[in-house]
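Where does a ligand sit inside a protein, and what surrounds it? Look at the structure below with that in mind.

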Amino acid sequence: MTSHRHPRAQFSSKFGLIAAAAGSAIGLGNIWKFPYITGVYGGAAFLFVYLGFILAIGLPVMLSELIIGRKSRRNAFGAFKKLAPGTPWMMIGSFGVAAAFLILSFYGVVAGWSIKYIIFSITNHFHNSTPGEIAQSFNTFIADPLSPLIYQVIFMVLTGAIVIIGVQKGIERYSKVLMPVLLVLIIILDIRAVTLKGAGEGLHFLFNPDFSKLSFEGVLSALGHAFFSLSLGMGTLITYGSYVNKNDNLINTALQVTVADTVIAILAGIAIFPAVFAFNIEPGQGVGLIFITLPNVFMQMPGGHIFSILFFVLLTIAALTSAISILEVVVAYFTEELKIKRQISTIFATALITLLGIICSLSLGIFSDIEIAKRNIFDFLDHISANILLPLGGMFIALFMGWAFGKYRVFREVAHGGKLKGWLLKIFMILVKFVAPLAIFIVFLQGLKILDFITTLFTGK
Ligand code: TRP
C-alpha cells in the first residue's frame, strides 16, 4: 500500500513496536518524576487523579497517535500536512517539536544525575552515611557549577550518537531484556521498602487519598504527567505509529504500553514512600526525592552495593531509550520537513538542547535566583512543556481524531489488526470528541488560574 518511492521501514514484529513504545514511555518519568511530584502534591489523591487521566485521556490519545501515524506514514509534523493539508491542525506538529526541545533539555540533566549515581554506587560513596548526609551530598552535587554538566553532556552525546549511528533497533533489543530486569529490581526494592520499620505510613500516604488537600495545580500536574509518562502529546507515537505494520493490533499495543508504564510508576512509588517515612525524609522536597531516599534503602539491603550499581545503570538505560525517542521527534522534523541531512540535524539539535540543558542545570545552583513566573528555569521548562504544551498537543490530537478524522476512518484503521467492537468504537469516539478535550480545557482554566485572572480583569478583585 505504500505509494512512496521508498517504502518506509517497518517494525518487524508486534513485539518490536511494543518494545519501542514501552522503551519510550518507561523512563525517568516513572521512576524519578512520578514519586517526586506525588510527594509534592500530597500523595494518594494525586495518584488517583493521575490514574483517572491515564484511563480517560491518555489511553484514547495514545490510540489516536498510533492511528494518525499508521494512516499517514509520516513524522508528527508531516502527518498533519498529509492528512489535513493547509489547515491549522498542522500546528500540532510545531507544538510537538517545541515540547521535545524543552523536555529533553531538563531530561538530560536528570539522566546525568543518574550516571553520577552509578559512580557514587561503585565507590560506595554513601557507606555509613546518615539520611541527612545523603541529602547533603545530593544538594551539593546538583548545585555544583561544573560536575553535573559533565554527566549531562555525557548523556546527551550518548543519545545523539545512538541516533546518528542509527542503532536504536539494537538498543531496543537490549532494553527488551534489561527492562524486565529493572522491573525485578524495583520489586526487590519494594519488598525491602515495605518491610522497613514505619513503612505503613508511606503506604498510607500513597494509597489513602484525601482529596481536600489536592490543589488545582496538583490536578494540572497530574494531567501533564499522564502525557509525560506515556510519551504523548508531541507526536512521538505518531512517528512510531508510522512504522507499524497494517496488521498489528493498535488497541492491544496501546493497552499493553499503558499498563506497563503505569505499573512501573506505582511500583516505584511503593519503593520510595515507605522509605521516605521510615527515614524521616520530607516527601514534598522535590527533584531530589529518589536520589536522597534510595541510597538509604540500598544500605539496608544485603547486597545493596551491587543492587545500587545495577539500579542506576538500568535507570540510565531506561532514560536513554526515552531520550532517543524525544530527540527523534526533533531530528525527524529537521530531516523530513526542512530537508537537512540526518547527521547534521542530529548534531545541531543535540547541541542546542544540551546548551539549554546546561542553563537548566545551573538554575539549580548559581542561577537559582533567576525566576520566571515564580519558578526557577528548570521547573519552568518542566512546567511549560509537560503541563502546558503536551496537554495542548493532546487536546488537539483528540479533537482531530474526533472531528476531522472521523468515526469511519477510525473504524477502518483500527479494524485492520484487530476487531473493533461497536460499543468500543462508540466509547472511543465520545472520549476523543468530548471527554478528553473538555477535561483538558477545564483543567487548564483552573490549574493555570485563567478564570481567576479573567475575574480579576473584570472585577478588579
Ligand atoms: N515518557 C518518558 C518518561 O516517562 C519521557 C518521554 C519520552 C516523553 N518521549 C516522550 C515525554 C514524549 C513526552 C513526550 O520518562
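This report covers the ligand site and then the largest pocket.

The model is predicted: local features need pLDDT of at least 70, side-chain atom pairs count only at pLDDT 80 or more, and totals for chains, interfaces and linings use all residues. Residues are numbered from 1 along each chain as its sequence is written, and side-chain values use heavy atoms, without hydrogens and water.

**The ligand**

The ligand has 18 residues around it (a heavy atom within 4 Å). Ala25, Gly29, Tyr107, Phe228 and Ser231 come nearest. By class, this shell holds 9 nonpolar, 9 polar and no charged residues; Gly counts as polar here.

The table lists polar contacts of the ligand (N or O pairs within 3.5 Å).

| Ligand atom | Partner | Distance |
|---|---|---|
| oxygen | Tyr107, side-chain N or O | 2.5 Å |
| nitrogen | Phe228, polar backbone atom | 2.8 Å |
| nitrogen | Ser325, side-chain N or O | 3.2 Å |

Taken alone, the ligand exposes 360 Å², and the protein buries 100% of that (Shrake-Rupley method, 1.4 Å probe). The space taken by the ligand is the largest cavity. On a 1 Å grid over the protein atoms alone, a 1.4 Å probe fits in a cavity but cannot get out; a pocket is an open set with protein on both sides within 12 Å along at least five of seven lines, and lining residues have an atom within 4 Å of a point.

**The largest pocket**

The volume of the largest pocket is about 480 Å³, counted as the space filled by probe spheres set on the grid points. Its lining has 21 residues, with Gln168, Lys169, Tyr243, Glu328 and Arg342 nearest the centre. The classes are 9 nonpolar, 6 polar and 6 charged.

Note on methods. Polar contact = N/O pair within 3.5 Å; in protein donor to acceptor, adjacent residues only side chain to side chain. Sits in = over half its atoms within 2 Å of the grid points.
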